[in-house]
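Here are my notes for you on this model. Take a look at the sequence and the structure first, then read the points with both beside you.

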Amino acid sequence: LALVAPVLLLAMVAHEYAHGYAAYRQGDPTAYQLGRLTWNPAKHIDPFMTVLLPVMLALAGGPIFGGAKPVPVDPRNYRHYRRGDIIVSLAGVATNVVLAALLALLVVPIGMLGQAWPEAATTLSILQVMAHYGVLVNLVLAVFNLLPIPPLDGSHVFKYLLPPALALQYVRLARFGFLLLLLVLWFG
């Protein structure tokens, strides 16, 4: 937990920051105006989703699931609604993929540095393990967020692939999205 928690926190904060920044670039200043376009982890921690839900699921013996406080965006402010919605939705996923790649590139050099500098080998091996977990965590978050289940990012892209009538029905499923997500995690 001590090795994974900091990496998971970084991944979640980067993911949410990316959504807010992409929205800002698409013409929506909501996250910025509300002070949520920040790297401060405290602004992205939701007491229920980040703390209580994962603990309750772990105690129940189920799959552990949680999330950061979503960055508020207002798609009506996007210069191009459809394009903006897709860009903002995929920004978090893209950020997780980039973080995974960067951390993967650090694993070997950290190990080599540990061999070259034996006095720091213990500290560097901890950093190497954290980088390894960081790759895994970020890839899992990227793939998970691409699932086409509301409110995940993939659902915002998937709705544009459907014919308009089906897309409307699909969007209505969003109110049951969290329940569907828990069922998929529990039984899938």
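The numbered points below go from the overall layout to single residues.

1. **What you are looking at.** Please keep in mind that this is a predicted model. The protein chain has 8 helices and 0 strands. If you read along the sequence, the pattern is α-α-α-α-α-α-α-α. Along its principal axes, the C-alpha trace spans about 65 × 40 × 30 Å. The chain has 188 residues, and 39% of them are buried.

2. **The largest pocket.** A general idea helps here: rolling a probe the size of a water molecule over the atoms shows where empty space is left. In this model the largest pocket holds about 1300 Å³ of space. It is lined by 42 residues, and the closest to its centre are Met-12, Gly-66, Gly-67, Ala-68 and Leu-141.

3. **Who builds the pocket lining?** Which helix gives the most to the lining of the largest pocket? That is α1, with 9 residues. Helix α1 covers residues 4–25. At least two residues each also come from α3, α4 (81–116), α5 (121–145), α6 (153–158) and α8 (177–187). By type, the lining divides into 30 nonpolar, 9 polar and 3 charged residues.

4. **A nonpolar patch on the surface.** Try colouring Ile-45, Phe-48, Val-51, Leu-52, Val-55, Met-56, Leu-59 and Phe-178. Together they make a nonpolar surface patch of about 720 Å². The largest share, 6 residues, comes from helix α3, which runs over residues 47–59. Helix α3 is also on the list of helices that supply at least two residues to the lining of the largest pocket.

5. **A closer look at Leu-52.** This residue of the patch sits in helix α3. Is Leu-52 buried, exposed or partly exposed? Its relative accessible area is 46%, so Leu-52 counts as partly exposed. A residue needs over 30% to be taken into a patch, and Leu-52, at 46%, passes that cut-off.

6. **Two salt bridges.** Side chains of opposite charge can pair when their charged atoms come close. The structure holds 2 salt bridges. One joins Arg-76 and Asp-74, with the closest N and O atoms 3.0 Å apart. Arg-76 has a relative accessible area of 72%, so it is exposed.

7. **The other pair.** Lys-159 forms a salt bridge with Asp-85, and here the closest N and O atoms are 3.2 Å apart. This pair links distant parts of the chain: Lys-159 lies in the loop between α6 and α7, Asp-85 in helix α4, and they are 74 residues apart. Are Lys-159 and Asp-85 buried or exposed? Both are buried, whereas Arg-76 of the other pair is exposed.

8. **An unusual peptide bond.** As background, most peptide bonds are trans. Now go to Pro-150 and Pro-151, which are joined by a cis peptide bond with omega at about 10°. Pro-151 is found in the loop between α5 and α6.

9. **Around the last two helices.** Ala-174 lies in the loop between α7 (164–172) and α8. With a relative accessible area of 40%, Ala-174 is partly exposed. Its C-alpha atom is separated by 7.9 Å from that of Ile-149, although the two are 25 residues apart along the chain. In helix α8 you will find Leu-182, which is partly exposed at 24% relative accessible area. Leu-182 and Gly-62 are 120 residues apart in sequence, yet 9.7 Å apart in space, C-alpha to C-alpha.

10. **Two exposed glutamines to finish.** Gln-33 lies in helix α2, residues 30–33. Its relative accessibility is 62%, so Gln-33 counts as exposed. The C-alpha atoms of Gln-33 and Pro-72 are separated by 10.0 Å, with their positions 39 residues apart along the chain. Gln-115 lies in helix α4, and at 68% relative accessibility it counts as exposed too. From Gln-115 to Ser-125, which is 10 residues apart from it along the chain, the C-alpha separation is 9.7 Å.

Conventions: Residues numbered from 1 in each chain as written. Predicted model: local features only at pLDDT ≥ 70, side-chain atom pairs only at ≥ 80, totals over all residues. Heavy atoms only, no water. Patch = residues over 30% accessible without salt bridge, like charges linked within 9 Å, V, L, I, M, F, W, Y side chains within 5 Å. Areas by Shrake-Rupley, 256 points an atom, 1.4 Å probe, with all protein chains shown as cover. Salt bridge = Lys/Arg side-chain N within 4 Å of Asp/Glu carboxyl O. Helix = DSSP H or I, 4+ residues; strand = E, 2+ residues; numbered from the N terminus. Buried < 20%, exposed > 50% of the residue type's maximum accessible area, 1.4 Å probe, protein only. 1 Å grid on protein atoms, 1.4 Å probe; cavity = no way out; pocket = protein on both sides within 12 Å on 5 of 7 lines; lining within 4 Å. Points joined across faces, edges and corners; volume = space filled by probe spheres on them. Nonpolar A, V, L, I, M, F, W, Y, C, P; charged D, E, K, R; others polar.
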